[in-house]
Amino acid sequence: MALDLRKLPPLKALKGFEAAARLQSIRGAAEELNLTHPAIRHQIQLLEDDLGLKLFTRRGRNVRLTETGEAFYPVVCQVLGLLVESCEVLRQQAENPPLRLQAYITLSIRWLASRLSEFKKLYPEIDIYLQANNSGWEFDESHADIGLIYSRQPVSEHLHWIDLFPSRVYPVCSPALMEGVGELSVQSLLQYPLLTVSSEKGYWSWDDWFRDLNIDFKPVHSPVVVDTLAVALEMALAGQGIVLVNGPVAEDDIAEGRLTRPVEDETEGRGRWGIVVSERLIDDQRVKLLTHWLQKAAGKA
């Protein structure tokens, strides 16, 4: 609903009214607001003229509220108080904007999201804005303060890098898919549906994984291709195939029995998992606390 701002009284006059009513003194209101006595009287007169009602009566040097003024005063206090609180919140946000944390979408969903509440319990005064990213792997410093990324190349000189997770690539699947199956060889995995993630091509893939283990990649089934590891993991949990993972994204599911490693073989990825921060923020106390917490959560500190 649109507000009819023409019906508002002179807003500046509300400050003079509130101070004079609270202090019961024109002089006191003038001193508090750093104005002259005539200026306060003028504000009150403007307000009374606008409302068409008397708000004060004089008692010697002091003033007191009329019955109308008594009814109007708590409303003015409530409105001005809400404005003060809202403006203070905005000023604090301007001084301490949320830390913008960029992380790959699957890492955000399957590792980071369940742990961020621990950070907030430790540091409730630090706000975090998590940007789950699937459009690219590089650190977007124009939109993020800290990146939790996987990189194949050294970062730029103006960025600070902290190693985080080991880059281990291995297959996982639902225990139901392996039910009744004895010990498997890597070669036998080619008999199963292999879930492929298009966004990870060039970082890790089934053909690279088998090649690193000196096995020809000749799957029996045409691989099912999806665009994110998050989707592939959901399919794996549903027993629809086997997926390659890199980093900690399957650790919780393995620990709780929702996923299993059909073979123990693994390879080293072609990049590094780490934290990246702009050098201009490396001494920011909030950044220090967050990076230390991330290292601890990853078992690095």
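Me: Which side chains meet in a salt bridge at 3.0 Å, N to O?
Reply: The side chains of Asp145 and Arg100 do. Keep in mind that this is a predicted model. A salt bridge here asks for a side-chain nitrogen of Lys or Arg within 4 Å of a carboxyl oxygen of Asp or Glu, and the Asp145–Arg100 pair has 3.0 Å between N and O.

Me: Where do Asp145 and Arg100 lie?
Reply: Asp145 is in the loop between strand S4 (128-133) and strand S5 (146-151), while Arg100 is in strand S3 (residues 99-104), so the salt bridge ties together parts that are 45 residues apart in sequence.

Me: Is Asp145 buried or exposed?
Reply: Asp145 counts as buried because its relative accessibility is 10%. The cut-off for buried is under 20%. Its partner Arg100, at 24%, counts as partly exposed.

Me: How many salt bridges does the structure hold?
Reply: The structure holds 18 salt bridges. One of them joins the side chains of Arg22 and Glu32, at 2.6 Å from N to O. This pair links distant parts of the chain, with Arg22 in helix H1, Glu32 in helix H2, and their positions 10 residues apart. Arg22 is partly exposed, with a relative accessible area of 38%, and Glu32 is partly exposed at 43%.

Me: What does Arg272 form a salt bridge with?
Reply: Its partner is Asp163, and the closest N and O atoms are 3.4 Å apart. Arg272 belongs to strand S12 (residues 272-278) and Asp163 to strand S6 (residues 159-163), so this salt bridge ties together parts that are 109 residues apart in sequence. Both ends are partly exposed: Arg272 has a relative accessibility of 34%, and Asp163 has a relative accessible area of 43%.

Me: Which residues do salt bridges that share partners join into one network?
Reply: The network consists of Arg110, Glu234, Asp253, Glu256 and Arg258.

Me: What describes two packed helices?
Reply: The description uses the angle between their axes and the distance between the axes. Take helix H1 (residues 11-23) and helix H2 (residues 26-33): their axes come within 8 Å and cross at roughly 125°. H1 and H2 are therefore oblique to each other. Their crossing is right-handed.

Me: Which residues of H1 and H2 meet?
Reply: From H1 come Lys15, Gly16, Ala19, Ala20, Arg22 and Leu23, and from H2 come Ile26, Gly28, Ala29, Glu32 and Leu33. Sorted by class, the contact has six nonpolar, two polar and three charged residues. Arg22 and Glu32, the salt-bridge pair from before, are both on this list.

Me: At what angle do the axes of H2 and helix H3 cross?
Reply: The axes of H2 and H3 (residues 37-51) cross at roughly 105° and come within 8 Å. H2 and H3 are therefore roughly perpendicular to each other; the range for that word is 65 to 115 degrees. On the H2 side the contact is made by Ile26, Arg27, Ala29, Ala30 and Leu33, and on the H3 side by His37, Ile40, Arg41 and Ile44. These residues divide into six nonpolar, one polar and two charged.

Me: How do helix H5 and helix H8 pack?
Reply: H5 (residues 105-112) and H8 (residues 229-237) have axes 8 Å apart, at an angle of about 50°. That makes H5 oblique to H8. H5 contributes Thr106, Ile109 and Arg110, and H8 contributes Leu229, Ala230, Leu233, Glu234 and Leu237. The classes are five nonpolar, one polar and two charged. Arg110 and Glu234 also belong to the salt-bridge network.

Me: Which residues are buried in H8?
Reply: They are Leu229, Ala230, Ala232, Leu233, Met235 and Ala236. The buried residues of H8 pack against S3, H5, strand S7 (168-172), strand S8 (194-197), strand S9 (224-226) and strand S10 (242-246). Just after H8, Gly239 takes a positive phi of about 80°.

Me: Is Glu18 buried or exposed?
Reply: Glu18 counts as buried, at 14% relative accessibility. Its place is in helix H1. Leaving out residues up to four places away in sequence, Glu18 touches Tyr73, Val76, Cys77 and Leu80.

Methods: Residues numbered from 1 in each chain as written. Predicted model: local features only at pLDDT ≥ 70, side-chain atom pairs only at ≥ 80, totals over all residues. Heavy atoms only, no water. Axes fitted to C-alpha atoms, helices over the stretch in contact; angles between N-to-C directions. Helix = DSSP H or I, 4+ residues; strand = E, 2+ residues; numbered from the N terminus. Parallel < 35°, antiparallel > 145°, perpendicular 65-115°, else oblique. Left-handed = near helix turned anticlockwise from the far one by under 90°. Contact = heavy atoms within 4.5 Å. Nonpolar A, V, L, I, M, F, W, Y, C, P; charged D, E, K, R; others polar. Buried < 20%, exposed > 50% of the residue type's maximum accessible area, 1.4 Å probe, protein only.
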